[in-house]
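Work through the following exercises with the coordinates open beside the text. Each task is followed by a solution that proceeds step by step.

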Amino acid sequence: MIDFASLLANGIAALVGPSAIFFALLAIGLNVHFGYCGLLNFGQIGFALVGGYGMGIAVLNFGLPLWAGVLVGIVAGVVLALLLGIPTLRLRADYLAIVTIAAAEILRLITRSTSMTDFSGGTQGLTGYGGSFRQLSPFDNGRFYDFYGVRFLGQDLWAICVGWAVVGLSLILVFLLVRSPWGRVLKAIREDEDAVRALGKNVFSYKMQALVLGGVFGAVGGIVFALTTQSLTPDFYSPPQTFFAYAALIIGGAGRVFGPVIGSMIFWFVLSITDNFLRQATAGSNPLISFIDNQDVGAIRFVLVGVALAVLMAFRPQGIFGKRSEVLLDAR
Amino acid sequence: MRPARPEESGFTRPVACLLRALLGAVIVALIAIAALLGLAVPALATQQPPHGTSSQPAPPEQPGLPVSGTLRNVDGTLLAGVRVQALDASGRQVAATTSNTSGRWELTVPTEGEYTFRIDRQSLPPGVTVLQGEVVRDVAPGTLSLVVFRFGAQRAGLQTSASATVLRVLVDGIRFGLVIGITGVGLSLIFGTTGLTNFAHGELVTIGAVLAWTLNVAFGLQLIWATLLAIVAGAALGAATDLAIWRPMRRRRAGLIAQLVISIGLALALRYLVLIYFGGRSESFADYTNQVERNYGFISITDKDLATIVISLAVLLGVALLLQRTRIGKAMRAVADNRDLAASSGINVERVVLFVWMLAGALAALGGVLFGLSELGGTVQYEMGFSLLLLMFAGVILGGLGTAYGALLGCLVVGVLVQVSAQVIPVDLKYLGGLAVLIVILVIRPQGLLGSRARIG
């Protein structure tokens, strides 16, 4: 009744697929924010939104080439980080949390507003900005490539290769940065802000740099994902996505260079397998699990993520690879 | 919590001031752009040709088709002696009639097709204004053709004076602000007594409204009784979350950030459990759905909106009395002010916190019903709590996080701001003003209107 081979194949496809890449990049950004510097950014999806939409709008409305659009998207992420950081980085951690989640929601409401249809496409979103990205593909875009039963369409395979290359470069950058003196100051701010200030460091400036860097990773994630899907829809950029990224980060281990990437892969592997299992188990005339409606499976995914996030944070905040003493748990 | 640091390192003071001014200017500019775009687009949209004329060849011989309706003014009175005309596609009058004493009119159009039905404004009784006096209707045989004209003053239209519009927007804003306040006070008290920023507070609101809806629609209970039961259930839910989750977390000395992330996980799980149970659509309450506005001389308001204002004011007054006069209220303020001192002077802090959670849960449930009834047009939806949560945060931070009266004041301001901004910017962006104030207040006065500097660290 349950097709375990397809479960596994889909799970492996999710393990390396576009969603895992997207959330790995979001979580790498959150790792710089939360894992290393102790900043609570709950609007990471807003950074992805300005990245993706910045690129899309620059290409479609201003006729820029795609590479310039990518730059616009990254700059948009920097600007958003500066705007959010200036009022909040001097205050307690939860103020940043509230302001970032509100800002992400503001951005989603603006992009989906019918009054912005000519500019951002409204609820329809944007398409047709990334054709030149697919033209660069060395694969046959319309063909399926088969890897021991795990199948990818050529255009997706190209996006996946580019995506993992970006993830790799990001990891190298983070690895080098956190081992530098700059990274040590960041970790010191997470542990004791006043001590760092007493040593004459400009805490606000370091926090701002961390916020900008993590925000840029979020924006790059948005750009990569928008190039993969070739479409931007505003309601994809809803607040729960940030919490998915947090779940991925905490599973892997905050404050570890590879934590977010491993976490994101595990997250999507498990999510894909439970999702497919539930879909198969609740489908058909005589389902294996009868008390769950087939249409509710999508919502169950969110419930599971929510419970997992709460339970992990309560009992194992360091995730798989982290150190408990290095996870910021108390507010200041 | 750390003592206040009046001046941070970082930028030197003039630079910081400049940056703040710049940021303020950017935000104002953004809102202005949004407003301009919003005004420009509808203006373009009205340029369309009025009505598509579908000129089907009419069948040769056909008896006339009846079309009817009832003329009812906004205050509920039936309008007699009003002339109603039917015009065909070329604008020629094909039939006309006059409404009888019960406001009913009926006329016959010769063939099927598209007709414009129009009210003769000359025949209206004095003082009656028409909101929609022309209706285009495709008349087909075999269906009951009902035409509804709408009366009353248009919101922010040309018929009403500016002062009436201002008054209406203000009352709308106060009503919305009071609803935000009812829910926000609980959020602020929880923060004040435990330090927890409860992201799951919106879900308490949604669950309260959904419970009342279930009792009202599925069990046929009158909405007032359903709401009372939902309030009791809300208090129980608040107590349950405290006993099951937050008290153990405090006992384990879990950090506030860990608790904050847990509340987010809880919010996510609860919201989508509600979605599974309730579905993604807006569902309407069984009572108080189609109310007309009653005119009180200086303002026209529906009964449910008036009831919302009165109930909110009464409840908030009750909360204020509770905080000022009762033992438990004083204990709540004492714990919020200094937890350790309160504990050492013999107050059972855990009991007080439990009571705060019950109060917050009850207020959230009531706020959920009132929010659905007055703001969402008598409907309930699974995401209503989350959209309210961000406005609650805006109001609570504007007033001063952790203060009860500040929260109330801030929520009122946010409510008025949302309704005022809806006059200027597109309606689907109207919560934007409320959220923008959140950022602006943090730039200008982070401790909020009534907050103390020491809380913000």
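**Exercise 1. Determine how helix H11 (residues 404-424) of chain B packs against H12(B), and which residues meet there.**

Solution. Begin with the axes, which are lines fitted to C-alpha atoms over the stretch in contact, with angles running from 0 to 180 degrees between N-to-C directions. H11(B) and H12(B) pack at an angle of about 135 degrees, and their axes are 7 Å apart. The two helices are therefore oblique to each other, given that angles under 35 degrees count as roughly parallel, over 145 as roughly antiparallel, 65 to 115 as roughly perpendicular and the rest as oblique. The crossing of H11(B) past H12(B) is right-handed, a label used if the near helix is turned clockwise from the far one by less than a right angle, anticlockwise being left-handed.

Next, list the contacts, where two residues are in contact if their C-beta atoms, placed from the backbone, lie within 7 Å. From H11(B) come B:Val414, B:Leu417, B:Val418 and B:Ser421, which meet B:Tyr431, B:Leu432, B:Gly433, B:Gly434 and B:Val437 of H12(B). Sorted by class, this contact has six nonpolar, three polar and no charged residues; here Ala, Val, Leu, Ile, Met, Phe, Trp, Tyr, Cys and Pro count as nonpolar, Asp, Glu, Lys and Arg as charged, and the others, Gly among them, as polar.

The model is predicted, so that local features need pLDDT of at least 70 and side-chain atom pairs count only at pLDDT 80 or more, while totals for chains, interfaces and linings use all residues. Residues are numbered from 1 along each chain as its sequence is written, and chains are lettered from A and ligands numbered from 1 in the order in which they are written.

**Exercise 2. Describe how helix H2 (residues 162-194) of chain B packs against H11(B).**

Solution. The angle between H2(B) and H11(B) is about 145 degrees, with the axes 6 Å apart, and H2(B) passes H11(B) in a right-handed crossing. The residues of this contact divide into 18 nonpolar, eight polar and one charged.

**Exercise 3. Reconstruct the four-stranded sheet of chain B and follow one residue of strand E2 across it.**

Solution. Helices (H or I, at least four residues) and strands (E, at least two) are DSSP runs numbered from the N terminus, and chain B has twelve helices and 13 strands. Two strands pair if DSSP finds at least two bridges between them. By this criterion, an open sheet has the order E3-E2-E5-E7 (chain B) with antiparallel pairing. Strand E3 (93-98) and strand E7 (134-139) of chain B stand at the edges with a single partner strand each, so one side of each is left without a neighbour in the sheet. From one strand to the next the twist averages 25 degrees.

Now take E2(B) (residues 83-87), which is joined to E5(B) (residues 113-119) by four bridges and to E3(B) by five. B:Val84 stands opposite B:Ile119 in E5(B) and opposite B:Thr97 in E3(B). Finally, E2(B) and E3(B) form a hairpin with five residues between them, and B:Gly91 in its turn has a positive phi of about 90 degrees.

**Exercise 4. Place B:Gly81 in its surroundings.**

Solution. B:Gly81 lies in the loop between strand E1 (65-70) and E2 of chain B. Having 13 C-beta neighbours inside 10 Å, B:Gly81 counts as partly exposed; a residue is buried if 20 or more other C-beta atoms, placed from the backbone, lie within 10 Å of its own, exposed if 12 or fewer, and partly exposed in between. Leaving aside neighbours within four places in sequence, B:Gly81 is in contact with B:Thr98, B:Ser99 and B:Ser123. The C-alpha atoms of B:Gly81 and B:Thr101, 20 residues apart along the chain, are separated by 7.2 Å.

**Exercise 5. Characterise the side of chain B that touches chain A.**

Solution. The contact takes 47 residues from chain B and 49 residues from chain A. On the chain B side, helix H1 (13-45), helix H5 (256-278), helix H10 (384-399) and helix H12 (431-444) each supply at least two residues, and H5(B) provides the largest share, 15 residues. By class, that side of chain B has 36 nonpolar, eight polar and three charged residues.
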